[in-house]
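This dialogue shows a first-year student how to read features in a protein model. A learner asks, and a teacher replies.

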Amino acid sequence: MKIVIINGTNHKGSTEHIARITAEKIGGEITEFFLPKDFGEFCIGCTNCFMKAEEKCPHYEKLSPLTNALDEADVIILASPVYVYHVSGAMKAFLDHYGYRWLIHRPNDRMFKKQAVCVTTAAGGGMSSTLKDMSDSLFFWGVPKQYKIGLAVSATSWDKINSKKKKIIEKKTNSIAKKIQHKNGKVKTGIKTKAFFYLMRALQKNGWNEVDVKYWNEKGWLKKARPWK
Ligand SMILES: Cc1cc2nc3c(=O)[nH]c(=O)nc-3n(C[C@H](O)[C@H](O)[C@H](O)COP(=O)(O)O)c2cc1C
């Protein structure tokens, strides 16, 4: 199995630790990126990706190694600590670059077969809003199966997490790893993704963005083809 981890910070703290042990328990070839070290650009709002082509993004080349790893992975792990109740700025800036891949625009069909894990830790609160920041992108990219690990660790580093919390992490990561192994290659697109796909399909039929309409036509999605088949 190919696993990619995108860390929303450069340092190997509690969040990175949990993401990595999850990946190691799943087993396979692990590729890990750290933001902003491996990609630290902000979207400049040129809308070239939406209106012309993703290749016209000024950061396309820099983003390519991460994009390729996302496309090739069986499992995507997005990991960010809670920063003021949300993902880190670096993670948000990274995710902004894939707006063109949302279902309303040009989703990549390879996403519809993957599993993903969102990981966050906080000192005390903000886990659900942070998990949602990452899970929204995964859902709207078309990823059909997601797992979430959000934990208030009351600590600023892995070493300072108490043993009771570490046991909870152990149990949770074991359980998710087992589920992912079991479902690998057998993930089914759920009703919510399909509902959104058909809604977007209806919009594309009278679409205003030529690039998106052309893409949906080429994929055959306005006829019988579907990205999950
Ligand atoms: C800029 C910044 C903002 C933070 N905001 C929150 C917050 O809103 N809620 C919270 O409980 N902890 C907050 N924390 C604490 C971290 O989320 C917490 O220590 C986390 O476990 C750190 O993960 P890491 O070890 O992977 O870096 C913040 C930390 C930093 C550096």
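The turns below treat the core, one helix, the ligand, two asparagine residues and some backbone details.

Q: What kind of model is this, and where should one begin?
A: This is a predicted model. One may begin with a general idea: in soluble globular proteins, nonpolar side chains tend to be buried together. In this structure, the largest nonpolar core has 39 residues. The residues with the most contacts inside this core are Ile6, Leu66, Leu70, Ile76, Met91 and Phe94.

Q: Which elements give two or more residues to this core, and which gives the most?
A: The contributing strands are S1 (2-7), S3 (75-79) and S4 (115-122), and the helices are H3 (60-72), H4 (89-96), H5 (127-141), H7 (191-205) and H8 (210-219). Helix H5 gives the most, with six residues. Another core lies apart from this one; it has 23 residues, including Ile5, Val117, Ala155 and Ile169.

Q: Which residues does Leu70 touch?
A: Leaving out residues up to four places away in sequence, Leu70 touches Val4, Ile6, Ile76, Phe94, Tyr98, Met111, Lys114 and Trp141.

Q: How should one read a helix such as H4, and which of its residues are buried?
A: An α-helix has 3.6 residues a turn, so residues three or four places apart point the same way. In H4, the buried residues are Ala90, Met91, Ala93, Phe94 and Leu95. Their cover includes strands S1 and S3 together with helices H3 and H5.

Q: Which residues around the ligand come nearest, and which classes do the surrounding residues belong to?
A: A ligand can be read through its shell of neighbouring residues. There are 17 residues around this ligand, and His11, Thr15, Val82, Thr121 and Gly124 come nearest. The shell has nine nonpolar and eight polar residues, but no charged residues. Helix H1 (14-26) and strand S4 each supply at least two of the shell residues.

Q: Which backbone atoms lie by the ligand's nitrogen and oxygen atoms, and how much of the ligand does the protein cover?
A: For Val84, a backbone N or O atom lies 2.9 Å from a nitrogen atom of the ligand. With Tyr85, the partner is an oxygen atom of the ligand, 3.1 Å from a backbone N or O atom. Ala155 likewise has a backbone N or O atom 3.0 Å from an oxygen atom of the ligand. The ligand on its own has 650 Å² of accessible area, and the protein covers 73% of that area.

Q: Why does Asn7 count as buried?
A: A residue is called buried when its relative accessible area is under 20%. Asn7, in strand S1, has a value of 2% and is therefore buried. Beyond its neighbours within four places in sequence, Asn7 is in contact with Glu16, Ala19, Glu32, Phe33, Phe34, Leu35, Ala79 and Met91.

Q: Where is Asn209, and what does its side chain reach?
A: Asn209 is in the loop between H7 and H8. At 4% relative accessibility, Asn209 is also buried. Its side chain reaches the backbone oxygen of Phe50 at 3.0 Å.

Q: Which residues have a positive phi without being glycine, and which peptide bond is cis?
A: Backbone angles are read residue by residue. Thr47 is not a glycine, yet its phi is positive, about 60 degrees; Thr47 is partly exposed, at 38% relative accessibility. Ser154 is another such residue, with phi near 50 degrees, and Ser154 is exposed, at 54%. The cis peptide bond runs from Leu35 to Pro36, with omega near 10 degrees. Pro36 is in the loop between strand S2 (29-34) and helix H2 (48-51).

Note on methods. Residues are numbered from 1 along each chain as its sequence is written. This is a predicted model: local features need pLDDT of at least 70, side-chain atom pairs count only at pLDDT 80 or more; totals for chains, interfaces and linings use all residues. Side-chain values use heavy atoms; hydrogens and water are left out. A nonpolar core is a set of buried Ala, Val, Leu, Ile, Met, Phe, Trp, Tyr and Cys residues joined through side-chain atoms within 4.5 Å. Buried means under 20% relative accessible area, exposed over 50%, partly exposed in between (1.4 Å probe, protein chains only). Helices (H or I, at least four residues) and strands (E, at least two) are DSSP runs, numbered from the N terminus. Contact means heavy atoms within 4.5 Å. A residue is near a molecule or strand if one of its heavy atoms lies within 4 Å of it. A polar contact is a pair of N or O atoms within 3.5 Å; within protein, one must be able to donate a hydrogen and the other to accept it, and residues adjacent in sequence count only if both atoms are side-chain atoms. Accessible areas come from the Shrake-Rupley method with a 1.4 Å probe; for residues, only the protein chains shown count as cover. Ala, Val, Leu, Ile, Met, Phe, Trp, Tyr, Cys and Pro count as nonpolar, Asp, Glu, Lys and Arg as charged, and the others, Gly among them, as polar.
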